[in-house]
Amino acid sequence: MSGYELRAQHEAADPVGRETTRWHVLRQGAFVAMCGYRIDPVADTRPIADVHAIAPECRCLQCWQWWDAVEEVWAEGSPREPEP
Ligand SMILES: [Zn+2]
């Protein structure tokens, strides 16, 4: 599975640095997640293979629902992907 990646949504951490609050699913090289969230270009990236390793409380619900639909469609052997 390629063509997708996970990008982090960060929030400023106290007193310095940044915290990852949520992960989103994006097409590789895109800056807008499947849920419509605009990703910071310097946000952390993880391979899409980690999608099931992300803690449930850190998942963007909309992105994960879309991803579940993609995996289902692909499991049926279709190269197609559902519209977000
Ligand atoms: Zn999202």
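Which residue of strand 3 does Leu-6 stand opposite? In this predicted model, the partner of Leu-6 turns out to be Arg-46. The pairing is part of a wider link between strand 1 and strand 3, which run antiparallel and are joined by 3 bridges.

Strand 1 (residues 4–12) also pairs with strand 2, again antiparallel, this time through 9 bridges. Here Ala-12 sits opposite Arg-18 of strand 2. Together, strand 1 and strand 2 make a hairpin with 5 residues between them, and Gly-17 in the turn takes a positive phi of about 90°.

Then there is the helix. Helix 1 covers residues 61–75, and its 15 residues should span 21 Å at 1.5 Å a residue; the end C-alpha atoms are indeed 21 Å apart, so the two figures agree. Just past helix 1 comes Gly-77, with a positive phi of about 95°.

What holds the inside of the picture is a matter of nonpolar residues. The largest nonpolar core has 11 residues, among them Leu-6, Ala-8, Trp-23, Val-25, Cys-63 and Trp-67. Strand 1, strand 2 and helix 1 each put in at least two residues of this core, with strand 2 giving the largest share, 3 residues. Val-25 is one of the core residues, and leaving aside residues up to four places away in sequence, Val-25 touches Tyr-4, Leu-6, Ala-33, Met-34, Cys-63, Trp-66 and Trp-67.

As for confidence, the chain has a mean pLDDT of 89, and 95% of its residues reach 70 or more. Strand 2 (residues 18–27) has the lowest confidence, at a mean of 90, while strand 3 (residues 45–47) has the highest, at 95.

Note on methods:
Residues numbered from 1 in each chain as written. Predicted model: local features only at pLDDT ≥ 70, side-chain atom pairs only at ≥ 80, totals over all residues. Helix = DSSP H or I, 4+ residues; strand = E, 2+ residues; numbered from the N terminus. Expected span 1.5 Å × (residues − 1). pLDDT = per-residue confidence, 0-100. Pairing = 2+ DSSP bridges. Core = buried A, V, L, I, M, F, W, Y, C linked by C-beta atoms within 7 Å. Buried ≥ 20, exposed ≤ 12 C-beta atoms within 10 Å, placed from the backbone. Contact = placed C-beta atoms within 7 Å.
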